[in-house]
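Got your viewer open? Load the model shown here and keep the selection box handy, then follow the stops below.

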Amino acid sequence: MTADLFADAAPEPRTEPIVDGAVVLRAFALADDASLLTAINAVITQAPLRRMQTPGGLPMSVAITNCGSLGWVSDERGYRYAAHDPVSGQHWPAMPAVFLQLAQRAATATGFVDFVPDACLINRYEVGARMSLHQDKNEGDFSQPIVSVSLGLPAVFQFGGLVRGDRTLRVPLAHGDVVVWGGDARLRFHGVLPLKTGSHAVLGAQRINLTFRKAG
Ligand code: MD3
Ligand code: FE
């Protein structure tokens with residue numbers, strides 16, 4: 001085939017290594033975007049997006065919710081995984097099949113054949129929202145990867161080292177991109193720069209990121 005004939009077609013998935021252990025699967029979730037959005041809407045109807053307080057007492061700029069048997073929560077006592085939504089007192093909604101299948105296909109594509117996530121954190125960025133540099137250290141088993149799915153407006157992801165002061169790489173992430181973070185990348189500092197103004201054809205003025213974890 002020639003590139004010209006297919007210039008208007010959806011991009012094919014492409015694999016891009018970032019650093020050891022971190023692989024971007026460009027456009028990997030694109031074919032599933034409509035079913036993912038339907039499932040996201042079902043989850044946020046049961047467990048609405050909310051801006052949690054950090055342990056320091058400030059509200060996060062990113063609104064979050066969860067699905068799966070465990071969900072990530074933050075309050076004045078710190079960060080942890082919990083089986084219940086602190087707002088409703090109910091279990092988090094079950095992980096939709098389309099979520100689990102996508103996360104497992106992405107993990108398998110990068111060599112993590114037995115990834116069984118029990119938690120999916122849904123992050124919703126409005127224009128200006130950001131996530132400052134942090135490590136993800138509340139999960140039980142760092143040999144398991146984290147799979148992230150970007151939807152909606154593009155964002156610039158910051159990827160550092162094992163020490164907060166290490167220099168950071170900037171990785172643009174667009175609608176449909178999936179990243180698998182495992183091995184030596186698993187405990188690196190990372191963050192997201194403030195979301196720029198824009199309007200995405202499907203999601204409007206927001207970015208939604210799904211992160212799949214084996215938390216328990
Ligand atoms: C690299 N979320 O929820 S996803 C988070 O775009 C989080 O909403 C960002 O960082 C977002 O904790 C980034 C990419 C990501 C997630 C977890 C990682 C990258 C990671 C864990 C270790 C290393
Ligand atoms: Fe993180």
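How many nonpolar, polar and charged residues does the shell around ligand 1 have? Keep in mind that you are looking at a predicted model. Select the shell and colour it by class: you should get nine nonpolar, six polar and five charged residues.

**Stop 1: the ligand and its shell**

Start by centring on ligand 1, which sits in the largest pocket. Around ligand 1 there are 20 residues, and the closest are Asn123, Tyr125, Arg186, His190 and Arg207. Show those five as sticks before you bring up the rest.

Now switch on the cartoon. Six strands each supply at least two residues of the shell: strand 6 (119-126), strand 7 (131-134), strand 8 (146-152), strand 9 (155-159), strand 12 (190-192) and strand 13 (206-213). Which strand gives the most to the shell? Highlight strand 13, because that is the one, with four residues.

**Stop 2: polar contacts to the ligand**

Stay zoomed in and pick out the oxygen atoms of ligand 1. Select Tyr125 to begin with: one of its polar side-chain atoms lies 2.5 Å from a ligand oxygen. Next comes His134, with a polar side-chain atom 3.2 Å from an oxygen atom of ligand 1. Then try Arg213, where an N or O atom of the side chain is 3.1 Å from an oxygen of the ligand. With those three on screen, add a surface: the protein covers 98% of the 490 Å² of accessible area that ligand 1 has on its own.

**Stop 3: Thr65 and Asp85**

Leave the ligand and select Thr65, in strand 3 (residues 63-68). Is Thr65 buried or exposed? Its relative accessibility is 0%, so Thr65 counts as buried. Draw a distance from the Thr65 side chain to the backbone oxygen of Ala47 and you'll find 2.7 Å.

Asp85 is next, in the loop between strand 5 (78-82) and helix 2 (97-109). Asp85 has a relative accessible area of 2%, and therefore goes down as buried. Put Arg50 on screen as well: the side chains of Asp85 and Arg50 are joined by a polar contact of 2.8 Å.

**Stop 4: Val87, in the loop with Asp85**

Where is Val87 found? Look in the loop between strand 5 and helix 2. Val87 has 62% relative accessibility, so this one counts as exposed, whereas Asp85 is buried. For a sense of scale, run a C-alpha to C-alpha distance from Val87 to Leu203: the two are 25 Å apart in space and 116 residues apart in sequence.

**Stop 5: an odd backbone angle**

Select Ala27, in the loop between strand 2 (22-26) and helix 1 (33-46). Check the backbone here: Ala27 has a positive phi of about 65 degrees, although it is not a glycine. Ala27 is also buried, with a relative accessible area of 9%.

**Stop 6: Arg170**

Last one: Arg170, found in strand 10 (residues 169-173). Why does Arg170 count as exposed? Because its relative accessibility is 60%, and the cut-off for exposed is over 50%. Before you close the session, add Gly160 to the selection: Arg170 and Gly160 are ten residues apart in sequence, and their C-alpha atoms are 8.9 Å apart in space.

Key:
Residues numbered from 1 in each chain as written. Chains lettered and ligands numbered in written order. Predicted model: local features only at pLDDT ≥ 70, side-chain atom pairs only at ≥ 80, totals over all residues. Heavy atoms only, no water. Near = heavy atom within 4 Å. Polar contact = N/O pair within 3.5 Å; in protein donor to acceptor, adjacent residues only side chain to side chain. Areas by Shrake-Rupley, 256 points an atom, 1.4 Å probe, with all protein chains shown as cover. 1 Å grid on protein atoms, 1.4 Å probe; cavity = no way out; pocket = protein on both sides within 12 Å on 5 of 7 lines; lining within 4 Å. Sits in = over half its atoms within 2 Å of the grid points. Nonpolar A, V, L, I, M, F, W, Y, C, P; charged D, E, K, R; others polar. Buried < 20%, exposed > 50% of the residue type's maximum accessible area, 1.4 Å probe, protein only.
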